[in-house]
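I opened this entry to keep track of what I looked up, one topic at a time. The sheet comes before the contact and the confidence scores.

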Amino acid sequence: MSNVLINAPKTAKSGELIELKALIMHPMETGFRPGTNGRIIPRNIIQRFVATWNGEEIFSMAFSPAIAANPFVSFFVVARQSGTVELHWTGDEGFDVKEQVAIAVG
Amino acid sequence: MTSRAAIALLIAAFAASYALAQGSDDKRRSGYQDMGEALQKMQDDDSANPGMLFVQLGRQLWDKKAGSADKACADCHAIAVMKGVAARYPAIPQGADTPLDLEGRINLCRTEQQRGAPFPPEDQELLALEAWVAYQSRGEPIAPPDDPRLAPFRAQGEALFRLRRGQLDLSCAICHDDNAGKKLAGATIPQGHPNGYPVYRLEWQTLGSLKRRLRNCLFGIRAETPAWSAPDYVALELYLMQRARGLPIEVPAVRP
């Protein structure tokens, strides 16, 4: 079950700088910690986050094991045209979550 | 309402309820007031507060059928009825004679009504449900019930609060009554109020219960930690809620 909180404005003026914020539930297990049985818990992290606006990439980042659980990402973008922003997280153990928000630019 | 206005309103509501809770002689402070500005902002912004992920999960679980009775929480309780519940728990449920904390109460429904296996301690689903229930009381002042049957348990809780124990021979009161506001290494010692639980603690990188926090302190003073099911925790919580009477519920709070 994916669990995401996105904070994006519903409307923006053309050329306006807007902030997009996204929080996702994920353990970000480093792969360095031993469990209660002494064995290393296998790494389970998000590897990549990509944001696209009407299909065009506007922001991406690579994650590392040093990033805390339930990572929060915030970035700025200039609003050019109405459309859909898609946020896409992919990672270990087949983690694949896509969320969309519509932004009207006028 | 824009999210910015909502945040401003929330901050104003917190400030107002603190002012209300704290007459001029009242020196009580929520742990919130001892945190840095960045953490306070994180708690106040519902889209940056990671505890809100658990609230959201709890909202989904509330409507999900579970157990062999195939019943969801929502089949019996409208969520609106849960307003104020977290502000008065622990309490003695109908037909029982010992008090239960909120997670105990959820587990009671789980076994009696849903006929499922009880959640283990610190189970993510249990914490999420607890957060969703307690979230309904956000901003409500803590109001322990006047039930006279609670008095002996509360007195036992106070005795535990003042009991010196562990290799460091400390009691809860020595740090959180006598030395609150001073520094322990780099951190300010909080007064230890239970108004934000379950809290998202950055050190844990997850939501955790008051029980987990109490065990943390006991471990810190190198004392023996009672079993998860021990009645000591509920007794302590009863006393702590009495001690924090009037402070607003902050769930989901963020703490360092």
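**Sheet in chain A.** I looked up the strand order in this predicted model. Five strands of chain A make an open sheet, and they run in the order E2-E8-E7-E4-E5. I noted the pairing as mixed. Next I asked why one side of strand E2 (11–12) and of strand E5 (56–62) of chain A is left without a neighbour in the sheet. Both stand at the edges and each has a single partner strand, so one side stays unpaired.

**One pair in detail.** I then followed E5(A) to strand E4 (residues 46–53) of chain A. The two pair in the antiparallel sense, over six bridges. For one residue I checked the bridge partner: A:Ala51 is matched with A:Phe59 in E5(A).

**Contact between the chains.** How many residues does the contact take from chain A and from chain B? I found ten residues from chain A and ten residues from chain B. On the side of chain A that touches chain B, strand E1 (4–7) and strand E3 (17–24) of chain A each supply at least two residues. I sorted that side of chain A by class and got six nonpolar, three polar and one charged residues.

**Confidence.** I looked up the scores last. The model has ipTM 0.90 and pTM 0.88. Chain B averages a pLDDT of 91, and 91% of its residues score at least 70. Among the elements of chain B, I found the lowest mean pLDDT, 57, in helix H1 (residues 3–21) of chain B. The highest, 97, belongs to helix H8 (residues 151–162) of chain B.

Definitions and conventions
Residues are numbered from 1 along each chain as its sequence is written. Chains are lettered from A and ligands numbered from 1 in the order in which they are written. This is a predicted model: local features need pLDDT of at least 70, side-chain atom pairs count only at pLDDT 80 or more; totals for chains, interfaces and linings use all residues. pLDDT is the predictor's confidence in each residue, from 0 to 100. Helices (H or I, at least four residues) and strands (E, at least two) are DSSP runs, numbered from the N terminus. Two strands pair if DSSP finds at least two bridges between them. Two residues are in contact if their C-beta atoms, placed from the backbone, lie within 7 Å. Ala, Val, Leu, Ile, Met, Phe, Trp, Tyr, Cys and Pro count as nonpolar, Asp, Glu, Lys and Arg as charged, and the others, Gly among them, as polar.
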